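This report describes one protein model, from its overall make-up down to single residues. The sequence and the structure come first.

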Amino acid sequence: MQNIIEAKRKEIEAKKVELGKIAYNKWAMVFDGRVDDTGEKYNRASPASHRKIQQIEFDLCEEIYNLILEVEEIEYEMEAH
């Protein structure tokens with residue numbers, strides 16, 4: 001069980017790194033010519049670009065939250081036994 005917890009914690013940290021990259025890309029959007037991971041150019045004036053980034057951020061945060069809940073559930077089960 002401890003290995004599962006450690007694997008989930010590593011996954012949480014990796015997703016936090018992804019969030020950091022997204023935050024950097026949002027900051028960098030003020031510069032022309034920035035592209036996302038798919039090679040699509042960000043358009044700082046386009047609400048669609050901002051919505052796309054916000055949805056990615058939301059999805060990552062939700063994944064992180066769910067992983068944290070899974071870890072807490074496993075820890076609770078380990079303490080109960």
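How much area does the protein expose, and what share of it do carbon and sulfur atoms supply? The exposed area is about 6100 Å², and 55% of it comes from carbon and sulfur atoms. These values belong to a predicted model.

**Overall make-up**

Two helices and zero strands make up the secondary structure of the protein. The protein has 81 residues, and 25% of them count as buried. Among contacts with a separation of 6 or more, 60% are between residues 24 or more positions apart.

**The nonpolar core**

The largest nonpolar core has 10 residues: I5, I12, L19, I22, I53, L60, I64, L67, V71 and I74. Two elements, α1 (2–28) and α2 (47–80), each give two or more residues to this core. The most comes from α2, which supplies six residues.

One of the core residues is V71. Neighbours within four places in sequence left aside, V71 touches I5, K8, R9 and I12. Of these contacts, I5 and I12 are themselves listed in the core.

L67, another member of the core, sits in helix α2. Its contacts, again without neighbours within four places in sequence, are K8, E11, I12 and K15. The C-alpha atoms of L67 and K8 lie 6.4 Å apart, although 59 residues separate the two in sequence.

**A charged residue in α2**

E57 is also placed in helix α2. Apart from neighbours within four places in sequence, E57 is in contact with L19, I22 and K26. L19 and I22 are both part of the largest nonpolar core.

**Accessibility of three residues**

Is M1 buried or exposed? The table gives its relative accessibility beside the values for L67 and E57.

| Residue | Relative accessibility | Class |
|---|---|---|
| L67 | 7% | buried |
| E57 | 17% | buried |
| M1 | 53% | exposed |

L67 counts as buried because its relative accessibility is 7%, and buried means under 20%. E57 meets that cut-off too, so at 17% E57 counts as buried. M1 counts as exposed because its value is 53%, and exposed means over 50%.

**The nonpolar surface patch**

M1 is located in the segment before α1. Together with I4 and M78, M1 makes a nonpolar surface patch of about 280 Å².

Definitions and conventions:
Residues are numbered from 1 along each chain as its sequence is written. This is a predicted model: local features need pLDDT of at least 70, side-chain atom pairs count only at pLDDT 80 or more; totals for chains, interfaces and linings use all residues. Side-chain values use heavy atoms; hydrogens and water are left out. A nonpolar core is a set of buried Ala, Val, Leu, Ile, Met, Phe, Trp, Tyr and Cys residues joined through side-chain atoms within 4.5 Å. Buried means under 20% relative accessible area, exposed over 50%, partly exposed in between (1.4 Å probe, protein chains only). Helices (H or I, at least four residues) and strands (E, at least two) are DSSP runs, numbered from the N terminus. Contact means heavy atoms within 4.5 Å. Patches are made of residues with over 30% relative accessible area and no salt bridge: like charges are joined within 9 Å, nonpolar side chains (Val, Leu, Ile, Met, Phe, Trp, Tyr) within 5 Å. Accessible areas come from the Shrake-Rupley method with a 1.4 Å probe; for residues, only the protein chains shown count as cover. A salt bridge is a side-chain nitrogen of Lys or Arg within 4 Å of a carboxyl oxygen of Asp or Glu.
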